[in-house]
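Dear colleague,

I am passing on the structure we spoke about, together with some notes on what turned up when I went through it. Please have the sequence and the coordinates open beside this message as you read.

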Amino acid sequence: MANDWIDISVTLSDGMVHWPGDPPVVVRRIQDLEAGAPANLTHIDMCAHTGTHVDAPLHFVKGGQGVDEMPLDAGIGPCRVVEILDRESVAADDLRPFAPCPGERLLVKTRNSRRRWERETFDPGFVHLRVEAAEFLAERGIRTLGVDYLSVGGYEGDRGETHSVLLQAGVWIIEGLNLGAVMPGEYELVCLPLRLLGADGAPARAAVRTRGRSSP
Ligand SMILES: [Zn+2]
């Protein structure tokens, strides 16, 4: 069935929401058929961590792997979507009942998927992972973690510890997912960041397809 894939990436668009301090997102047609140009041609200008994107170890680890070195199977293969509602932040105790497995690709759905992407401006109150939750997932040895807003760590009071814990443990991070149309359960994941040489991250297209359902 070709149409059972669910696109879980967000649409990139001119002026879209981005992390505070990052450059604005510019998507501009610099040649236009309507204006007599021989072709339509679009110019893009944005931070590598815009919209749905992958964080490579190099983002927070000196000498770490760049996004061009990401093993393809970190983003392709079985995955599990778990849902954690009614939380300001995700704690280890919220994740423990799901018994994350070594090597697992885990996507954490929160109310971010319902609310945050509808806003045009950055929302500093997004649901994020606490450092101790990152430590728990690192200890469990998961392979890939996906989250549903622009950062796995919080906006305030997080100086990068959440990222560091995961990236130092070799966990690949997908940020900026929209899991609003995805129920908790077992899926196949395809998430491929652009092969940017030596980059700390890159925009990605991501989709899941169901493999059956399970509850914690
Ligand atoms: Zn990032």
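To begin with a residue that sits well inside the model, His 53 is buried, with a relative accessible area of 0%. Please keep in mind throughout that this is a predicted model.

The metal site

His 53 belongs to the zinc site, where the ion is coordinated by His 49 through ND1, His 53 through NE2, Asp 55 through OD and Glu 175 through OE, at 2.0 to 2.3 Å. The angles that the four donor atoms subtend around the zinc ion run from 74 to 168°, which makes the arrangement irregular. Had the site been tetrahedral, all angles would have had to lie between 85 and 135 degrees. For orientation, the ideal angle for four tetrahedral donors is 109.5 degrees.

Along the sequence, the donor residues follow the spacing H-x3-H-x1-D-x119-E. His 53 lies in strand 4 (residues 53-55) and Glu 175 in strand 10 (residues 172-175), so this pair ties together parts that are 122 residues apart in sequence. Glu 175 also counts as buried, at 2% relative accessibility.

The strands around the site

The two strands that carry these donors are themselves paired, since three bridges join strand 4 to strand 10, and the two run antiparallel; within this pairing, Val 54 has Ile 174 of strand 10 as its bridge partner. Strand 10 is also joined by three bridges to strand 9 (residues 144-147), and here the two strands run parallel, with Leu 145 having Ile 173 of strand 10 as its bridge partner.

Which way do the side chains of strand 10 point? Trp 172 and Ile 174 point one way, whereas Ile 173 and Glu 175 point the other way, and all of them are buried. In a regular strand the side chains alternate between the two faces of the sheet. The zinc donor Glu 175 therefore points the way that Ile 173 does, and both are buried.

Charged pairs

There are 12 salt bridges in the structure, and I describe some of them here. Side chains of opposite charge can pair when their charged atoms come close. Arg 87 forms a salt bridge with Asp 94, and the closest N and O atoms of this pair are 2.8 Å apart; the partners differ in their exposure, in that Arg 87 counts as partly exposed at 35% relative accessibility, while Asp 94 counts as buried at 13%.

Glu 132 forms a salt bridge with Arg 130, with the closest N and O atoms 3.9 Å apart. In this pair Glu 132 is partly exposed at 33% relative accessibility, and Arg 130 is partly exposed with a relative accessible area of 40%. A further salt bridge links Arg 29 and Asp 32, whose closest N and O atoms are 3.9 Å apart, and Asp 32 is partly exposed, with a relative accessible area of 25%.

Backbone points to check

Two residues deserve a look for their backbone angles. Most residues other than glycine have a negative phi. Asp 86, however, has a positive phi, near 55°; this residue lies in the loop between strand 5 and strand 6 (89-90) and counts as exposed at 66% relative accessibility. Ala 99 likewise has a positive phi, near 45°, and is placed in the loop between helix 1 (92-95) and strand 7 (105-109), where Ala 99 is partly exposed with a relative accessible area of 45%.

The surface

Which residues make the nonpolar surface patch of about 260 Å²? The patch is made by Leu 72, Ile 76 and Leu 192. Of these, Ile 76 is placed in strand 5 (residues 76-83) and is partly exposed, with a relative accessible area of 34%.

Finally, Glu 139 is found in helix 3 (residues 131-140) and counts as exposed, at 68% relative accessibility. Glu 139 and Thr 52 are 87 residues apart in sequence, and their C-alpha atoms are 25 Å apart in space.

With best regards

Technical notes:
Residues numbered from 1 in each chain as written. Predicted model: local features only at pLDDT ≥ 70, side-chain atom pairs only at ≥ 80, totals over all residues. Heavy atoms only, no water. Donors = N, O, S within 2.8 Å, 3.2 Å for Na, K, Ca; no water. Tetrahedral: all angles 85-135°; square planar, octahedral: opposite > 155°, others 65-115°. Helix = DSSP H or I, 4+ residues; strand = E, 2+ residues; numbered from the N terminus. Buried < 20%, exposed > 50% of the residue type's maximum accessible area, 1.4 Å probe, protein only. Patch = residues over 30% accessible without salt bridge, like charges linked within 9 Å, V, L, I, M, F, W, Y side chains within 5 Å. Areas by Shrake-Rupley, 256 points an atom, 1.4 Å probe, with all protein chains shown as cover. Salt bridge = Lys/Arg side-chain N within 4 Å of Asp/Glu carboxyl O. Pairing = 2+ DSSP bridges.
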